[in-house]
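Q: Please take a close look at one part of this model for me, with the ligand surroundings as the place to start. After that, a short tour of some other spots would be welcome.

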Amino acid sequence: MQNKKTRDWTPISFIENAIDELKQKLGNDNVVLALSGGVDSSVTAILLHKAIGKNLTSIFVDHGLLRKNEFENVLKTYEQIGLNVKGIDAKERFYKMLSGITDPEQKRKIIGKCFIDVFEEEASKLDNVKWLAQGTIYPDIIESRTPDGTFVKSHHNVGGLPENMKLKLVEPLRLLYKNEVREVGYELGMLPQQLNRHPFPGPGLGIRILGEITPEKVSILQEADDIFIQMLHTWGLYEKVWQAAAILLPVKSVGIKNNNRTYENVIVLRAVKSIDAMTAECVHFSSMFLEEVSKKIINNVKGVNRVVYDISSKPPATIEWE
Ligand code: XMP
């Protein structure tokens, strides 16, 4: 895949060249792609769809750790574009595997492995697939190298799909930076609200629920997170924030509601400014905004009686709590 960048690079010329190259390279072969709902995999899918149409099958796995209504909304958007997309509801399978697990690394490993298992099973049901498409972008490649040039990890687009899948890799965005991917997405007809979405990690809410993950906890966090994100939009703050998230802690605290003592969950709000996620600083919201979000969460999310705001920088803290 050449489509090298020259000084006269434009998103339109990139798209034209990429489609020509993909047509030549893939011919009549079948291609499979794991969609995440994120910008990189979506732009890759649309580009491939333009080049090879129905020979591309995209698989979108619901691991039960997506944002509220994310699976349905994203699936609908893809279907409207005309993508040949298989939505797989694997929620129960993930919840079962995660039951009783509290260690963050172990949770990550289980989510990654389960994702690969589901993806492989679905891909193996397709006829005569020769290629695996990935939304790898340039920083993914750079970040995967050690100073001596060897690779230390595959980028984490889909949790590192196994080499023994025996599929050839096609990565049409591999020379692009994130802003260029957005420009290409825009030219391909994606809406600004799809292109300007905050980063969302592959393991999803799984790294924002501390301690054991249960369907009940996912539901509490989805509701709280949805209120926070909606309010960022309402107050015109969403696009001023690099990434925002709600986190569910594994501790309860005492509160009072209707003259009765409560003993319920704590939600953390996290919002950061960053350039490349290597460093990050908390966003300085007005206290009025934070109070409004807190009230709305406590009044509307059953099981939450306290909301706090994380003011830590990265380093030494990280963006996700895990
Ligand atoms: P941390 O918590 O390390 O996060 O400060 C830095 C950025 O990386 C995202 N992140 C991930 N993205 N798969 C992803 O696709 C992952 O496993 C993963 N872990 C962290 C995080 O959301 C933040 O933007």
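A: The shell around the ligand divides into six nonpolar, four polar and three charged residues; here Ala, Val, Leu, Ile, Met, Phe, Trp, Tyr, Cys and Pro count as nonpolar, Asp, Glu, Lys and Arg as charged, and the others, Gly among them, as polar. Keep in mind that this is a predicted model, where local features need pLDDT of at least 70 and side-chain atom pairs count only at pLDDT 80 or more, while totals for chains, interfaces and linings use all residues. Residues are numbered from 1 along each chain as its sequence is written, and side-chain values use heavy atoms, with hydrogens and water left out.

There are 13 residues around the ligand (a heavy atom within 4 Å), and R108, Q243, K314, I319 and E320 come nearest. Let's take three of these in turn. E320 places a polar side-chain atom 2.5 Å from a ligand oxygen atom. For R108, a polar side-chain atom lies 2.8 Å from an oxygen atom of the ligand. I319 instead uses its backbone: an N or O atom there is 2.8 Å from a ligand oxygen atom. Taken alone, the ligand exposes 500 Å², and the protein buries 81% of that (Shrake-Rupley method, 1.4 Å probe).

Now to the strands, which are DSSP E runs of at least two residues, numbered from the N terminus, as helices are (H or I, at least four). L33 sits in strand β1, residues 30-35, and is buried at 0% relative accessibility; buried means under 20% relative accessible area, with a 1.4 Å probe and protein chains only. Leaving out residues up to four places away in sequence, L33 touches (heavy atoms within 4.5 Å) ten residues' worth of company that includes S41, A45, S58, F119 and Q134. L33 and V170 are 137 residues apart in sequence, yet 9.6 Å apart in space, C-alpha to C-alpha.

S58 belongs to strand β2, residues 56-62, and is buried too, with a relative accessible area of 1%. Beyond four places in sequence, S58 touches L33, L35, A45, N84, V85 and K86.

Finally, helix α7 spans residues 178-187, with E180, V181, V184 and G185 buried. Seen down the axis of α7, these fall within an arc of 145 degrees (taken from the directions from the helix axis to the C-beta atoms), so they line one face of the helix. The buried residues of α7 pack against α1 (11-26), α2 (39-52) and α8 (192-195). Just after α7, G189 takes a positive phi of about 100 degrees.

Conventions:
Polar contact = N/O pair within 3.5 Å; in protein donor to acceptor, adjacent residues only side chain to side chain. Buried < 20%, exposed > 50% of the residue type's maximum accessible area, 1.4 Å probe, protein only.
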